[in-house]
Amino acid sequence: MSCASVWYTNVTPNLLFCFENGICLHLTRLTKQLPRLMATATSKKAAQNGADQPSIAQIPINRIVTLDEFILRSEKDFSYATGELTGLLRDIGVAAKIINREVNKAGLVNIIGEANGAENQSGDTQQKLDVYANERLIECLQNSGECCAIASEENDDIIHVPPVNSKQSHYVVMFDPLDGSSNIDVNMSVGTIFAIYRRKSDPSGPASLTDFLQSGMKQVAAGYVLYGTSTMLVYTTGRGVNGFTLDPSIGEFCLSHRNMVIPEDSQTYSVNQGYYSKFDLEMRRYIDNCSDQNFGLRYIGSMVSDVHRILIQGGIFLYPSTRKYPKGKLRLLYECNPLAMLIEQAGGKAMNTQLKRILDVTPTELHQRCTIAIGSPKMVDDLKAFIERYSALPL
Ligand code: AHG
Ligand code: MN
Ligand code: MN
């Protein structure tokens, strides 16, 4: 906090006053909004002071930069910055730390396994940690009121967020709270995927489904959290990709991967090859070719983990249509779009098996599924050539 800011909590019980340079800025009930108010004041101060501060690129590589500092310094890059997007990213960072804490002790407490036999709207079995992660994310976003509505893999319909302090929010958030959750019982890595959009509807009224059914190109921020051997948060706001590793000793995400760039080409592919006989001819030919060339096969079964490896080491991740999932299994809005934006920002490509760029697909349903091929640009282009060559042939 700026040294010119003074916060009083002892003037009247349960009331909070904030004085900045002798001016009273806030008068509010002392609730769980306290950290948010303090953060907002700090954020506004930082934005005002932005011109005097070095950009991230000027900060020496060996100096620790926390996620919060990075977000605040980056805020001035947005002409329409109001602090809402900054607040949203911070909310997601907080939720990620809480989820991480629970994921990390999953074997010790009664939190692994299925959630009372529950199923989500897609008919997938819900794990207890799916439910836990979903609740924490919704809670963090609702408490701050920085977004006006939420959509999650685990909820049939959109969730409206009541305004906090009468503030109108311009953003909606979508997420897959826990990706690869079937891995949790066997101590494998899982993740959270999120996408943030500016709402299309009038901010004075409630959000609507059309705010969510926007093409991936309209995302203003997207990213994921990977709960792996270490926990990482990787995100983009359309100006490159940066990765932050959680330092458990200080409880902060610290910048560890600046300006991530995906390798142009690779010799590794990632697909559930158990479904080989259920794939279309062109996909089988592409996989045969990978095998003929002695490419390595790596498949974790958690898209976040597979895509994270590909972002760092290169490769291609495939989830094509199968007989069980003729339109693909993965969800467009909160799995494919955010990862497509992120991979494109890192120099990669993402398309569906009809060769359409993922980010250009117009969604029609909240929980829409799609096929996907995502990763190193050269490998996606090679797959495209295979599909063009073989899809015209009879089976
Ligand atoms: P979720 O746990 O959110 O339902 O997602 C699981 C997804 C994805 O993460 C992964 O790549 C894929 O399902 C694995 O599917 P298969 O088991 O069919 O390969
Ligand atoms: Mn998922
Ligand atoms: Mn999930």
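**Loops, sheets and ligand shell of the predicted model**

With 11 C-beta neighbours inside 10 Å, Asn165 counts as exposed, because the cut-off for an exposed residue is 12 or fewer. The structure described here is a predicted model. Asn165 lies in the loop that links strand S7 (159-160) to strand S8 (171-179). Although Asn165 is not a glycine, its phi is positive, at about 55°. Leu355, likewise not a glycine, has a positive phi of about 70°. Leu355 is located in the loop between S18 and strand S19 (369-370). With 13 other C-beta atoms within 10 Å, Leu355 is partly exposed.

The protein contains 8 helices and 20 strands. Of its 395 residues, 44% count as buried. Among contacts between residues at least 6 apart in sequence, 63% join residues at least 24 apart.

An open sheet is formed by 5 strands in the order S15-S14-S16-S20-S18, with mixed pairing. Strand S15 (296-297) and strand S18 (349-351) stand at the edges; each has a single partner strand, so one side of each is left without a neighbour in the sheet. Helix H6 (residues 303-313) packs on this sheet and touches S14, S16 and strand S20 (372-375). The direction of H6 makes about 155° with that of S16.

Within the sheet, strand S14 (residues 268-270) and strand S16 (residues 316-319) run parallel and are joined by 2 bridges. Ser270 stands opposite Phe317 in S16. The pairing of S16 with S20 is antiparallel and extends over 4 bridges; here Tyr319 has Ile372 in S20 as its bridge partner. S18 and S20 also run antiparallel, joined by 3 bridges, and the bridge partner of Lys349 is Gly375 in S20. In a regular strand the side chains alternate between the two faces of the sheet. In S20, Ile372 and Ile374 point one way, whereas Ala373 and Gly375 point the other way, and all are buried.

Of the 11 residues of H6, 9 are buried, so the helix is largely enclosed by the rest of the structure. The buried residues of H6 are Met303, Val304, Ser305, Asp306, Val307, His308, Arg309, Ile310 and Leu311. Just after H6, Gly314 takes a positive phi of about 85°.

One of these helix residues, Val304, is in contact with Ile193. The two residues are 111 apart in sequence, and their C-alpha atoms are 7.4 Å apart in space. Ile193 belongs to strand S9 (residues 190-198). It counts as buried because 27 C-beta neighbours lie inside 10 Å, the cut-off for a buried residue being 20 or more. Leaving aside neighbours within four places in sequence, the other contacts of Ile193 are with Phe175, Asp176, Asp179, Tyr224, Tyr334, Glu335, Pro338 and Leu339.

Strand S9 pairs with strand S10 in the antiparallel sense, through 8 bridges. In this pairing, Ala195 has Ala222 in S10 as its bridge partner. Of the 9 residues of S10 (residues 219-227), 8 are buried, so S10 is largely enclosed by the rest of the structure. S10 is also joined by 6 bridges to strand S11 (residues 231-236), and these two strands run antiparallel. S10 and S11 form a hairpin with 3 residues between them. Across the hairpin, the bridge partner of Gly223 is Tyr235 in S11.

The shell around ligand 1 consists of Asp124, Glu153, Asp176, Asp179, Gly180, Ser181, Asn272, Gly301, Ser302, Met303 and Lys329. By class, this shell has 1 nonpolar, 5 polar and 5 charged residues. Domain 1 (64-257) and domain 2 (268-390) each contribute at least three residues to the shell. Among the shell residues, Asp176 and Asp179 also appear in the list of contacts of Ile193. Met303, another member of the shell, is one of the buried residues of H6.

Notes: Residues are numbered from 1 along each chain as its sequence is written. Chains are lettered from A and ligands numbered from 1 in the order in which they are written. This is a predicted model: local features need pLDDT of at least 70, side-chain atom pairs count only at pLDDT 80 or more; totals for chains, interfaces and linings use all residues. A residue is near a molecule or strand if its C-beta atom, placed from the backbone, lies within 6 Å of it. Ala, Val, Leu, Ile, Met, Phe, Trp, Tyr, Cys and Pro count as nonpolar, Asp, Glu, Lys and Arg as charged, and the others, Gly among them, as polar. Domain bounds come from an automatic or database domain assignment. Two strands pair if DSSP finds at least two bridges between them. Two residues are in contact if their C-beta atoms, placed from the backbone, lie within 7 Å. Axes are lines fitted to C-alpha atoms, for helices over the stretch in contact, and angles run from 0 to 180 degrees between N-to-C directions.
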